[in-house]
Amino acid sequence: MDKLIVEGGHKLSGRLNISGSKNASLPILAAALLTDEPVRISRVPDVSDTNYMIQILSQLGASVERSSGTVRVESPDGISSSASYEQVRKMRASICLLGPMMARMKRCTLPLPGGCVIGDRPVDLHVKAIQALGARVRVKGGNMLIEAPNGLVGTTVDMRGDNGPTVLGTDNLMMAAVLARGTTVIESAAREPEVVDLANFLNKMGARIEGAGSRTITIHGVERLHGCEHTVIPDRIEAGTFMVAAALVSNGLRICRICREHVQSIANLLVECGHSVEFSADGTEVSVKPGEKPLSGKITTAPYPGYPTDMQAQMTALFSITPGISVVKDTIFPQRFMHCSELKRMGANIKVDNGTAIITGVDSLSAAPVMASDLRASAALVLAALAAEGTTEIHRLYHIDRGYEMLDDKLLSLGAVVKRVRDVEEEPCNEA
Ligand code: EPU
């Protein structure tokens with residue numbers, strides 16, 4: 001296991017390219033199981049979560065080759081319908097194998113993902129969706145045993161949960177429905193760009209999906225899907241993380257290979273908080289500079305196009321040294337505040353109560369040894385460390401390696417002083 005040593009106070013500058021989206025890549029890789037023809041997926045970030053997914057596909061019997069960001073997957077007939085707990089437990093997002101495995105094999109055994117540090121993470125909506133298409137679900141020995149001996153049949157399913165729509169639940173239902181008999185209508189579908197990217201990928205494979213990106217998605221089942229080529233969308237959360245880094249500790253950063261629409265809510269918040277944000281005319285680049293008089297702010301996370309839960313920890317780091325009182329409420333994962341205790345160890349003044357963090361800006365943060373607890377919490381700690389006085393050690397770096405491609409190299413290229421070193425470490429856990 002590694003830790004990151006960050007010497008604070010060096011202003012970042014320059015430009016960087018954003019990687020392909022981790023959260024779009026995961027279901028798209030799983031969807032490659034829907035055909036026996038080869039698919040080629042480009043700009044898959046080289047992070048541990050995509051590597052876990054590739055390992056699972058290989059274990060199921062698919063042949064997978066990865067070379068410089070492009071992954072080729074071929075899943076011949078006869079692949080296994082059973083995923084191992086050893087693999088699945090490493091990554092909660094492996095639940096998105098459910099839809100493609102059921103569509104292709106009409107049966108599957110999938111270990112139930114446990115909870116994780118950002119919350120309980122139930123899968124009731126995934127189960128409800130596959131049952132609505134005619135599958136029978138039993139739980140035995142920690143596994144979901146799912147079968148649809150008569151095949152899957154399209155229907156209308158409302159996917160709204162208590163905390164809003166579900167992203168991977170929508171993905172699963174869409175992937176299960178593409179080869180189902182008849183038409184499936186998903187009501188209260190997630191509108192996230194990653195869902196749209198998956199729908200575009202499936203349509204390239206020959207699926208007939210309409211309405212992705214809106215609250216209602218209609219899927220007309222087809223007999224079979226074929227191979228295709230696809231380039232994954234830019235990672236809006238990585239882009240947002242660097243946008244916050246630019247506002248926090250830079251002389252200005254130019255962040256390239258982004259999609260303006262996908263980061264608009266983050267840009268709006270930074271502008272409201274007094275920072276300078278300018279997009280290129282084609283919306284593929286954004287330049288962010290710290291404002292002269294940064295202002296405190298208020299966030300309530302919401303499903304897309306609202307402010308993303310995956311960007312609240314990073315913004316909390318910025319608010320920690322922004323004058324005034326800021327408020328961050330997470331309606332999607334109300335327990336996702338582990339980073340706050342660590343930020344407090346660096347001198348932040350934060351009170352967390354009932355899904356809300358109240359942050360009173362301090363003049364500066366000071367370096368401390370801190371512990372990453374999940375992917376976005378670790379990003380927040382890196383940001384805080386870049387701005388802090390002194391040298392911070394961030395332990396459990398494996399959390400950040402799940403979702404940020406070459407973060408230390410990217411930071412070094414922008415003038416940060418960071419070093420990855422070996423650490424005596426514990427077990428990885430599963431949060432994304
Ligand atoms: N929910 C249910 N029942 C379900 C599924 C979800 O009640 O069956 C609830 C969740 O507990 C949560 C809300 O619905 O309160 C939304 O969760 P969602 O299902 O949308 O989360 P997810 O699809 O499992 C993805 C991302 C997360 C991101 C969330 C929300 C991937 C691989 N993961 O998870 O990303 O936070 O959507 O936008 O796409 C991350 O990248 O750090 C990460 C955690």
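## Exercises on helices and cysteines

The buried residues of helix H10 are Gln312, Ala313, Gln314, Met315, Thr316, Ala317, Leu318, Phe319 and Ser320. Buried means under 20% relative accessible area, exposed over 50%, and partly exposed in between (1.4 Å probe, protein chains only). Helices (H or I, at least four residues) and strands (E, at least two) are DSSP runs, numbered from the N terminus.

This is a predicted model, where local features need pLDDT of at least 70, side-chain atom pairs count only at pLDDT 80 or more, and totals for chains, interfaces and linings use all residues. Residues are numbered from 1 along each chain as its sequence is written, and side-chain values use heavy atoms, with hydrogens and water left out.

**Exercise 1.** Work out how covered H10 is, then look around Ser320.

*Solution.*
- Start with the helix: H10 spans residues 312-320, and 9 of its 9 residues are buried, so call H10 mostly covered.
- Now pick Ser320, which lies in H10. Ser320 has a relative accessible area of 0%, so it's buried.
- Next, list its partners, where contact means heavy atoms within 4.5 Å. Setting aside neighbours within four places in sequence, Ser320 touches Leu343, Ala348, Ile350, Ile359, Thr360, Gly361, Val362 and Leu365.
- Finally, hop over to Cys108: Ser320 is 212 residues from Cys108 in sequence and 46 Å from Cys108 in space, C-alpha to C-alpha.

**Exercise 2.** Find out how many disulfides the structure holds, and why Cys96 has no such bond.

*Solution.*
- A disulfide is a covalent bond between the sulfur atoms of two cysteines. Here the cut-off is a pair of cysteine sulfur atoms within 2.5 Å.
- The count comes out at 0 disulfides.
- For Cys96, the closest cysteine sulfur belongs to Cys108 and sits 12 Å away, which is too far for a bond.
- Cys108 is in no disulfide either, with the sulfur of Cys96 as its nearest at 12 Å.
- Check the burial too: Cys96 is buried at 0% relative accessible area, and Cys108 is buried at 2%.

**Exercise 3.** Decide how enclosed helix H4 is and what its buried residues pack against.

*Solution.*
- H4 runs over residues 98-105, and 8 of the 8 are buried, so the rest of the structure largely encloses H4.
- Those buried residues include Met101, Met102 and Arg104.
- They pack against helices H1 (22-31), H2 (48-60), H5 (124-132) and H6 (167-177), plus strands E6 (107-111) and E8 (143-147).
- One last detail: just after H4, Lys106 has a positive phi of about 65°.

**Exercise 4.** Describe how helix H8 (residues 236-248) packs with helix H12 (residues 375-387).

*Solution.*
- Get the geometry. The axes are lines fitted to C-alpha atoms, for helices over the stretch in contact, and angles run from 0 to 180 degrees between N-to-C directions. The axes of H8 and H12 come within 10 Å and cross at roughly 20°.
- Name the arrangement. Angles under 35 degrees count as roughly parallel, over 145 as roughly antiparallel, 65 to 115 as roughly perpendicular and the rest as oblique. H8 and H12 are therefore roughly parallel.
- List the residues that meet: Ile237, Thr241, Val244, Ala245 and Leu248 from H8, with Arg376, Ala379, Leu383, Ala384 and Ala387 from H12.
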